[in-house]
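Student: I've got a model open and I'd like to go through the labels people put on it. Can we take them one by one and check each against its cut-off?

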Amino acid sequence: MRVSLEISVAVTPLPILLFPDPLLRRTAAPVDNVDGQVVELVDHMFQTMYDAPGIGLAATQVDVHRRIVVIDVSDEGDAPLTLINPELVLAEGQGEMQEGCLSIPGVYETVKRSTEVRVRAVNRDGEPFEMDADGLLAVCIQHEIDHLDGKLFVDYLSSLKRSRIRRKMEKLAREEDDDAALT
Ligand code: NI
């Protein structure tokens with residue numbers, strides 16, 4: 001019994017906060033120590049991200065306000081990247097790419113960001129490392145670090161566009177509440 005319970009807990013994706021939930025605006029605190037709980041959270045975040053499916057997820061999005069990010073931009077979903085306490089140490093170039101977010105489902109908009117970055121972080125084993133990234137990975141890293149600072153990709157859009165998206169999301173949430181009330 002105990003075993004099956006643990007398995008069912010492990011495979012259940014974590015609930016993802018949706019824009020405009022104010023909890024998405026909180027600043028995440030650094031991780032002091034990559035202990036068993038952090039590793040468990042990282043693994044649970046990967047499950048949640050793959051299940052969604054998405055290519056990146058920040059702990060903020062699952063209402064855990066710690067500086068933890070999981071990313072996998074590979075086609076096969078076999079290149080998991082864990083960034084704990086990530087910091088951009090270099091950001092160069094400027095490019096535009098269409099972005100989406102698991103916290104703003106169905107919305108895709110073009111955002112201007114650096115095209116090449118170097119990030120310093122701690123991995124799932126608690127070891128510090130640095131890596132260079134470009135293309136989609138560079139964009140994803142910047143998008144996820146923004147989440148840890150309470151920032152969303154819609155913040156880069158005009159306020160008119162952002163309020164339109166906010167109204168759309170609020171309408172969706174109301175419709176889901178109505179559906180829930182009917183059942
Ligand atoms: Ni996002």
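Tutor: What follows is a set of questions about labels and the values behind them, and keep in mind that this is a predicted model.

Student: Let's begin with the sheet. What makes β1 and β7 edge strands?

Tutor: The order is β1-β2-β3-β6-β7, five strands in an open sheet with antiparallel pairing. β1 (56-58) and β7 (128-134) each pair on one side only, and that puts them at the edges. From one strand to the next the twist averages 40°.

Student: How do you know that β3 and β6 count as paired?

Tutor: Pairing takes at least two bridges. Strand β3 (residues 81-92) and strand β6 (residues 116-122) have six bridges, in the antiparallel sense, so they pass the cut-off. You can see one spot where Glu92 stands opposite Glu116.

Student: And what makes β2 and β3 a pair?

Tutor: Same test: at least two bridges are needed, and β2 and β3 are joined by four, running antiparallel. Look at Val70, whose bridge partner in β3 is Thr82. Helix α2 (residues 36-51) packs on the sheet as well, touching β1, β2 (68-71) and β3, and its direction makes about 40° with that of β2.

Student: What about β4 and β5, how many bridges join them?

Tutor: Five, and the strands run antiparallel; with a threshold of at least two, they pair. Glu99 stands opposite Glu109 in β5. β5 also has two faces: Glu109, Val111 and Arg113 are on the covered one, Thr110 and Lys112 on the uncovered one.

Student: Now the cysteines. Why are Cys101 and Cys140 not called a disulfide?

Tutor: A disulfide is a covalent bond between the sulfur atoms of two cysteines. The label needs those sulfurs within 2.5 Å. For Cys140 the closest cysteine sulfur is the one in Cys101, at 9.9 Å, so a bond is ruled out by distance. The structure holds zero disulfides.

Student: Why are Cys101 and Cys140 both called buried?

Tutor: Buried means under 20% relative accessible area. Cys101 has 10% and Cys140 has 6%, so both labels hold.

Student: What makes Cys101 a donor to the nickel ion?

Tutor: A donor is an N, O or S atom within 2.8 Å of this kind of metal. The nickel ion is coordinated by Cys101 (SG), His143 (NE2) and His147 (NE2), at 2.1 to 2.3 Å, so these atoms meet the cut-off. Water is not among the atoms, so the site may look incomplete. In sequence the donor residues are spaced C-x41-H-x3-H. Cys101 lies in the loop between β4 (95-99) and β5 (109-113) while His147 lies in helix α3, so the pair links parts that are 46 residues apart in sequence.

Student: Is His147 buried or exposed?

Tutor: Buried: its relative accessibility is 0%, against a limit of under 20%.

Student: Then why is Glu175 called partly exposed?

Tutor: That label covers the range between 20% and 50%. Glu175 comes out at 36%, so it fits. Glu175 sits in helix α4 (residues 159-182), and its C-alpha atom is 27 Å from that of Ile55, 120 residues apart along the chain.

Student: Where is Ser114, and why is it called buried?

Tutor: Ser114 is in the loop between β5 and β6. Its relative accessible area is 16%, and buried means under 20%, so the label applies. Leaving out residues up to four places away in sequence, Ser114 touches Ala91, Glu92, Gly93 and Gln142.

Student: Last one: which residues have the most contacts inside the largest nonpolar core?

Tutor: Ile71, Leu83, Leu137 and Ile141, in a core of 17 residues. β2, β3, β6, β7 and α3 (135-148) each supply at least two residues, and α3 gives the most, with six. Beyond its neighbours within four places in sequence, Ile71 has contacts that include Phe46, Met49, Leu83, Leu137 and Ile141. Another core, of 14 residues, lies apart from the largest one and has Val31, Met45, Ile68 and Val70 among its members.

Notes. Residues numbered from 1 in each chain as written. Predicted model: local features only at pLDDT ≥ 70, side-chain atom pairs only at ≥ 80, totals over all residues. Heavy atoms only, no water. Axes fitted to C-alpha atoms, helices over the stretch in contact; angles between N-to-C directions. Contact = heavy atoms within 4.5 Å. Buried < 20%, exposed > 50% of the residue type's maximum accessible area, 1.4 Å probe, protein only. Core = buried A, V, L, I, M, F, W, Y, C linked by side-chain atoms within 4.5 Å. Donors = N, O, S within 2.8 Å, 3.2 Å for Na, K, Ca; no water.
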